[in-house]
Amino acid sequence: MQKSVRYNEGHALFLSAVARKEGTKRGYLSKKTAENSRWHDKFFALYQNILFYSENEQSARPAGIYLLEGCTCERSPAPKMSTAGKEALEKQHYFLIVFGHDGQKPLELRTEEESECDEWVEAIQQASYSDIIIEREVLMQKYIHLVQIVETEKVAANQLRTQLEDQDTEIERLKAEIIALNKTKERMRPYHVNHENEDPDIKKIKKVQSFMRGWLCRRKWKIIVQDYICSPHAESMRKRNQIVFNMVEAETEYVHQLYILVNFFLRPLRMAASSKKPPISHDDVSSIFLNSETIMFLHEIFHQGLKARIANWPTLVLADLFDILLPMLNIYQEFVRNHQYSLQVLANCKQNRDFDKLLKQYESNAACEGRMLETFLTYPMFQIPRYIITLHELLAHTPHEHVERKSLEFAKSKLENLSRVMHDEVSDTENIRKNLAIERMIVEGCDILLDTSQTFVRQGSLIQLPSVERGKLSKVRLGSLSLKKEGERQCFLFTKHFLVCTRSSGGKLHLLKQGGVLSLIDCTLIEEPDASDEESKASGQVFGQLDFKLVVEPSDTPSFTVVLLAPSRQEKAAWTSDISQCIDNIRCNGLMTSVFEENSKVTVPHMIKSDVRLHKDDVDICFSKTLNSCKVPQIRYASVERLLERLTDLRFLSIDFLNTFLHTYRIFTTATVVMDKLADIYKKPFSSIPIRSLELFFATNQNNRGGEHINDKTTPRLCRKFSSPPPLSIQSRTSSPVQTRKLSLHSPITARVGGLDLTSPFSNSSAPGGTSLSPYICVLESANEAGDMSPSRSPSTPRHLRYRQPGGNTVCNSRCSVSPASAFAIATAAAGHGSPPVFTNSERTCDKEFIIRRAATNRVLNVLRHWVSKHSQDFEMNGELKMSVICLLEEVLRDPDLLPQERKATANILSALSQDEQDDAQLRIEDILQMADCLKAECFESLPAMELAEQFTLLDHIVFRSIPYESFLGQGWMKVDKTERTPYIMKTTQHFNDMSNLVASQIMTHTDVGSRANSIEKWVAVADICRCLNNYNGVLEITSALNRSAIYRLKKTWAKVSKQTKALMDKLQKTVSSEGRFKNLRETLKNCNPPCVPYLGMYLTDLAFIEEGTPNFTEEGLVNFSKMRMISHIIREIRQFQQTPYRIEHQAKVTQYLLDKTLIMDEETLYDLSLKIEPRLPA
């Protein structure tokens, strides 16, 4: 076995001599030894791929040989040395040779010249044959590929050879069949007529006949084809095909958008979250992008299926694709439900400068086309509605007998159901997030807002008056800044609580220490001051009837009163209406509740739970899973009759249902039908109310308990609060005329067999200074009050329930077999007499009818009060409706059994209807125009920016608040006759254009650059003040004017504008930008307190999207009430901003300038003037 490698020394010496004479590179280099790491000068000679080195140039034998093939050579840094040797090291240049052989140490060399070092590195690199080795590897790969191709071709050749053999066999078989057929033909030939002997004329006739038959057949088919091409069916098929092609294009675009979202944002941010210094956490990445990657994979599969179907055109079968897609679309629920939260997380992450910088780098990618991440996150939100619209169009052009008709209808219905579920979940989630946003604004926090049953109703600024000094306040103090600053409160109304907060200088909210959180179950609302109260009279004159008060009587603390002052009569009417509805709903929900804790959820009454009509779908109604403010499922679809039935249901009245109904009833019914229903409920309650509702109205879940004596002291005390109007005040029959009693509607009744026993007369108490009624009636001792109480007063809810025996001993009762409705009957019956009544057995049978009539009257008055106070425009524009309401109310007033509270409520509604004049403080644009005609015109330079912004805001709000809410129904602003249908919206649009044109025209009137720059800076300042005044419509009017081509192209003018002004303008433009469906503006409006002027176009876009996406009625003719709810939500937001006026004094000289149309130039004139100021540069 060979143990060593043979070495031809002679050959090596020969090559060394050749290298010294003819080598590629020769010279002295310093070589580092491996033993002691010292450097020694050696003579090196490079020949081809071999490097020789010797002691000197004259040495005959080389000291060493290196084979350079496959090595790498590169410059290396100088080794670290002491300070003394640094200067010597700086003159040396090092390079390193790393060999490709295993176990061989690298060779370290150095030179004194840098150029010489570079030459050696280049020569050794060429001698390593690295390029040749790479080329060899490439050629080897090509060779392997060709070998594979040859093998594949051999297999294919064998297959073709086999196929040829099979085809030869088939040919032989066919030849045999042809021979057999020829033999059969020969046998049949004698039976055929010999055509050769036929007459030539007959042959010609037959030939002509054959030609004519062919011509007629071709002509007939041509006519058939032309008729079909022009037929409606063919036109419908062409449109159907076009819809399918458009759907494929839209799906391609959508998949591309998802691809950009995942590959240009999601995956890079995941990698960034895993870095050493992550700008974002993995949890935030998951919260922002949710399941967008899964959505992309799903739609890539669907898109591939669509392209495969298009390849088989004209046969287009799509139903099976939707059958596969539908079960998977539930993944959109998670995305849509958390979309708003993901945008909030993204906004919070943008506060991090590193993340913001990284995100802008991703967004600058050419594939994003200038779109932001928020835009890509919004695309999946519209995909389900887009599918619904596409299927709707597709079905419109699909014949009823088409094979795919049923499948497409099924897919459309499934998508609509999914869309409804998603919408309901989003509504519920938005309400929770709204509550949490308010809770975060409060410094002390607010636990009641963490209750998911709390529904936000309204918010706004009110002035709280000190109740002690209320009679002493004067007009001067009312108008002073001190009262506004000290007494201004930020108020929030929820379905169960009323929050009163103060706002600090930093914008944070602080709950009042006393009366900051008011539980509405303990509150009694007094809307108007009592006419018999002198102090109330005086204060009413001072405050202009704008004040109202909440009497709060908690069960564990002394009672107190909160007096609030609204900025206008409309604001007061809106607040009092909503508070009253919330109190009514809470008391109704507590009808069958045994215990009502302050922070607990409101449980649904037993009778409402038992009524399947309130939660079970039927042919004329369909419910969603979301519950309304009364904890009853929201209506999704319903007939008009069922909607009217829900409106007049005596057990509850949902605020959101009432608002939605009154905002949108014009779409599916008329005001006359609604009034007829209300009149029927009042006049014939038993015939108008469903029988099931009447049965459940008197239902009780308590067992009768007989034989219990009232002196049973082991029975626990009853703690119940029933649904009813406030307790009635009656004059007691005692020896003391000063003492008064309040008959409680929360009165528990002792149980008797067979129900109530009201035959016993009331007895007088022997206790001094107090009165005791029948042992079957619970009474409440009122506070000592001077004088008799007026029957028209509405006392507050009682705090303490006590039982008094004739002997004066106080006992408690645990159960009562009488329903709350019967207790209501006792209370209302007692209210109608000057003395406590005594019922006979015959009168007992009338209890139920009396209760129903009172409950029906209360419900009708509640609806009318809400209608008149919050929707007064209906009566201003419809005189017939107004007269019918007045007639009904006058009929109510003639009712002899009417309760004092009902009589007062009816009078208040009549009083509100009789006020023909609007509030004196409400200016109209026509009045301002008349004032402006009498004044001398002011110039722009003499008007301060603050006054311009204030009057800008005042005009915008006057025009904005003049739009009646019915103008927002039916997309009238997009119709041909839009000027007749929606004149006020058209006036708003015209006002927007006029203001924008005025800004642009004023800037272009200046001839010098400096004046134009000063005008731009002043208008930007005006826009910023408008932003501070919450006039975002004005901000958009000014910024859109500055972005016009006539002004934007003036480069010399913009060069004179300061950097601060440009930065401020960018900030304003970002706030009102339409990017992401006005995402920034919506976020700003959420945190904005009225008064405010939003941009109307944003809401019109939302309404148009809702109108076009969903129909008003289903195929069964039911009203799409989910759509009505969405429309009402937008209208309520608009009206919230309309109803809160600005406290800005009108300046006629400023408004005259702003409304002067002689200063306005058209677009063409502006651009011509811009070209004269700064002509175009030659190309």
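In this predicted model, helix α5 (residues 200-230) packs against helix α6 (residues 232-273) at an angle of about 60 degrees. The two axes lie 4 Å apart. The helices α5 and α6 are therefore oblique to each other. On the α5 side, the meeting residues are Tyr228, Ile229 and Cys230. On the α6 side, they are Pro232, His233, Ala234, Met237 and Arg238.

These two helices belong to a chain with 45 helices and 23 strands. The chain has 1179 residues, and 47% of them count as buried. Contacts between residues at least 6 apart in sequence were also examined; 71% of these join residues at least 24 apart.

Seven of the strands form an open sheet with antiparallel pairing. Their order is β4-β3-β2-β1-β7-β6-β5. Strands β4 and β5 (72-76) stand at the edges. Each has a single partner strand, so one side of each is left without a neighbour in the sheet. On average, neighbouring strands of this sheet are turned by 35 degrees against each other, direction ignored.

At one edge, four bridges join β4 to strand β3 (residues 50-54), and the two run antiparallel. Leucine 51 stands opposite tyrosine 66 in β4. Strand β4 (residues 64-67) has two unlike faces: Gly64 and Tyr66 make up the covered one, Ile65 and Leu67 the uncovered one. At the other edge, β5 is joined to strand β6 (residues 93-98) by five bridges, again in an antiparallel run. Here serine 76 has tyrosine 94 in β6 as its bridge partner.

Helices pack on this sheet. Helix α1 (residues 9-22) lies across β1 (25-32), β2, β3 and β4. Its direction is at about 95 degrees to β2. Helix α3 (residues 114-127) touches β1, β2, β3, β5, β6 and β7 (107-111). The direction of α3 makes about 160 degrees with that of β5.

One loop residue of this region was examined in detail. Asparagine 49 is placed in the loop between β2 (39-47) and β3. The relative accessible area of asparagine 49 is 13%, so this residue is buried, the cut-off being under 20%. Beyond residues up to four places away in sequence, asparagine 49 touches Tyr66, Leu67, Leu68, Glu69, Ala127 and Tyr129. Tyr66 thus appears twice: asparagine 49 touches it, and leucine 51 stands opposite it.

Aromatic rings were considered next. A pair of aromatic rings is described by the distance of the centres and the angle of the planes. The count comes to 21 aromatic pairs. In one of them, phenylalanine 661 and phenylalanine 668 have ring centres 5.8 Å apart and planes at 65 degrees. The cut-off for edge-to-face is over 60 degrees, so this pair is edge-to-face. Both phenylalanine 661 and phenylalanine 668 are buried. Tryptophan 867 and phenylalanine 875 form a tilted pair, with 5.4 Å from centre to centre and 55 degrees between the planes. Tryptophan 867 and phenylalanine 875 are both buried as well. These four residues belong to one aromatic cluster, together with Phe657, Tyr665 and Phe1121.

Charged side chains also sit over rings. Arginine 458 lies over the face of tryptophan 575, at 4.8 Å from the ring centre. Arginine 1049 has its charged end over the ring of tyrosine 1167, 6.0 Å from the centre.

Technical notes: Residues are numbered from 1 along each chain as its sequence is written. This is a predicted model: local features need pLDDT of at least 70, side-chain atom pairs count only at pLDDT 80 or more; totals for chains, interfaces and linings use all residues. Side-chain values use heavy atoms; hydrogens and water are left out. Rings of Phe, Tyr and Trp (its six-membered ring) pair if their centres lie within 6.5 Å; planes under 30 degrees apart count as stacked, over 60 as edge-to-face and the rest as tilted. Buried means under 20% relative accessible area, exposed over 50%, partly exposed in between (1.4 Å probe, protein chains only). A charge sits over a ring if NZ of Lys or CZ of Arg is within 6 Å of the ring centre and within 35 degrees of the ring normal. Two strands pair if DSSP finds at least two bridges between them. Contact means heavy atoms within 4.5 Å. Axes are lines fitted to C-alpha atoms, for helices over the stretch in contact, and angles run from 0 to 180 degrees between N-to-C directions. Angles under 35 degrees count as roughly parallel, over 145 as roughly antiparallel, 65 to 115 as roughly perpendicular and the rest as oblique.
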